[in-house]
Amino acid sequence: MNGGGEGLDRVFTALADPGRRAMIDRLASGPASASELAAPTTLALPSVMKHLAVLEASGMVSSQKAGRVRTYRLAPDAFAGLEAWVAQRKRAWNAQFDRLDAYLAQTKSRDDR
């Protein structure tokens, strides 16, 4: 069974923190600087930068520096690995439920005789 590897571990680590999830939510509406991402929080800018580094290491966020401002944005395929992992688990669960349905139908048919 594929566990997703280190890339998926970094994504789950990044998403484990509510502050980082809030930054992802903010970036979903468009690119933002670190200062803009820090504004609605009580975090100091160095803490925000550390959180952004975790998000970048996960591959969910990318940044670009222009002059003195670094702008962050969601990576185009930010959730692709996560979606694939969830879809794989969902298919496995659905297959198990299908087998259970078939078993219950077979059992009911036997009981009705």
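Being four residues apart in helix α5, tryptophan 93 and phenylalanine 97 are separated by about one helical turn. That is a handy place to start looking at this structure, which is a predicted model. Let us see how exposed these two residues are. Tryptophan 93 has a relative accessibility of 51% and so counts as exposed, because the cut-off for that word is over 50%. Phenylalanine 97, at 44% relative accessibility, counts as partly exposed.

Now widen the view to aromatic rings in general. How many aromatic pairs does a search of the whole structure find? The search turns up two. In one of them, the ring centres of phenylalanine 12 and tryptophan 85 are 5.4 Å apart and the ring planes meet at 75°, so this pair is edge-to-face. The partners come from separate helices: phenylalanine 12 belongs to helix α1 (residues 5–15), while tryptophan 85 belongs to helix α5 (residues 80–112), so the pair ties together parts that are 73 residues apart in sequence. Phenylalanine 12 is partly exposed, with a relative accessible area of 37%. Tryptophan 85 is partly exposed as well, and its relative accessible area is 26%. Tryptophan 93 and phenylalanine 97, our starting residues, also form an aromatic pair. Their rings lie 5.8 Å apart from centre to centre, with 35° between the planes, and the pair is tilted.

Stay with phenylalanine 12 for a moment. Which residues does phenylalanine 12 touch, leaving aside its neighbours within four places in sequence? The answer is Leu82 and Trp85. By contrast, look for arginine 113, which is 101 residues away from phenylalanine 12 along the chain. The C-alpha atoms of these two residues are separated by 51 Å.

The ring pair between α1 and α5 leads us to the way these helices pack. Two packed helices are described by the angle between their axes and the distance between the axes. For α1 and α5, the angle is about 100° and the axes are 10 Å apart. That makes α1 roughly perpendicular to α5. On the α1 side of this contact you will find Leu8, Val11, Phe12 and Leu15, and they meet Gly81, Leu82 and Trp85 in α5. Sorted by class, the residues of this contact are six nonpolar, one polar and no charged.

Next, follow α1 to another partner, helix α4 (residues 45–58). Here the packing angle is about 150°, and the axes are 8 Å apart. Is α1 roughly antiparallel or roughly perpendicular to α4? An angle of about 150° is over the 145 degrees needed, so α1 is roughly antiparallel to α4. As α1 passes α4, the crossing is left-handed. The residues that meet are Arg10, Val11 and Ala14 from α1 and Val54, Leu55, Ala57 and Ser58 from α4. This contact has five nonpolar residues, one polar and one charged. Notice Val11: this residue of α1 takes part in the contact with α4 and also in the one with α5.

Helix α4 has a further partner to show you, helix α2 (residues 18–27). The two pack at an angle of about 75°, with 10 Å between their axes. That makes α2 roughly perpendicular to α4. Arg20, Met23 and Ile24 in α2 meet Val48, His51, Leu52, Val54 and Leu55 in α4. Six of the residues in this contact are nonpolar, one is polar and one is charged. Val54 and Leu55 of α4 appear here facing α2, and they also meet α1.

Finally, compare a pair of residues within α4. Is histidine 51 buried or exposed? Histidine 51 has a relative accessible area of 15%, under the 20% cut-off, so it is buried. Apart from neighbours within four places in sequence, histidine 51 is in contact with Asp17, Arg20, Met23 and Leu43. Proline 46 is also placed in helix α4, yet at 56% relative accessibility it counts as exposed. Proline 46 and alanine 34 are 12 residues apart in sequence, and their C-alpha atoms are 9.4 Å apart in space.

Definitions and conventions: Residues numbered from 1 in each chain as written. Predicted model: local features only at pLDDT ≥ 70, side-chain atom pairs only at ≥ 80, totals over all residues. Heavy atoms only, no water. Phe/Tyr/Trp six-rings, centres within 6.5 Å; stacked < 30°, edge-to-face > 60°. Buried < 20%, exposed > 50% of the residue type's maximum accessible area, 1.4 Å probe, protein only. Axes fitted to C-alpha atoms, helices over the stretch in contact; angles between N-to-C directions. Parallel < 35°, antiparallel > 145°, perpendicular 65-115°, else oblique. Left-handed = near helix turned anticlockwise from the far one by under 90°. Contact = heavy atoms within 4.5 Å. Nonpolar A, V, L, I, M, F, W, Y, C, P; charged D, E, K, R; others polar.
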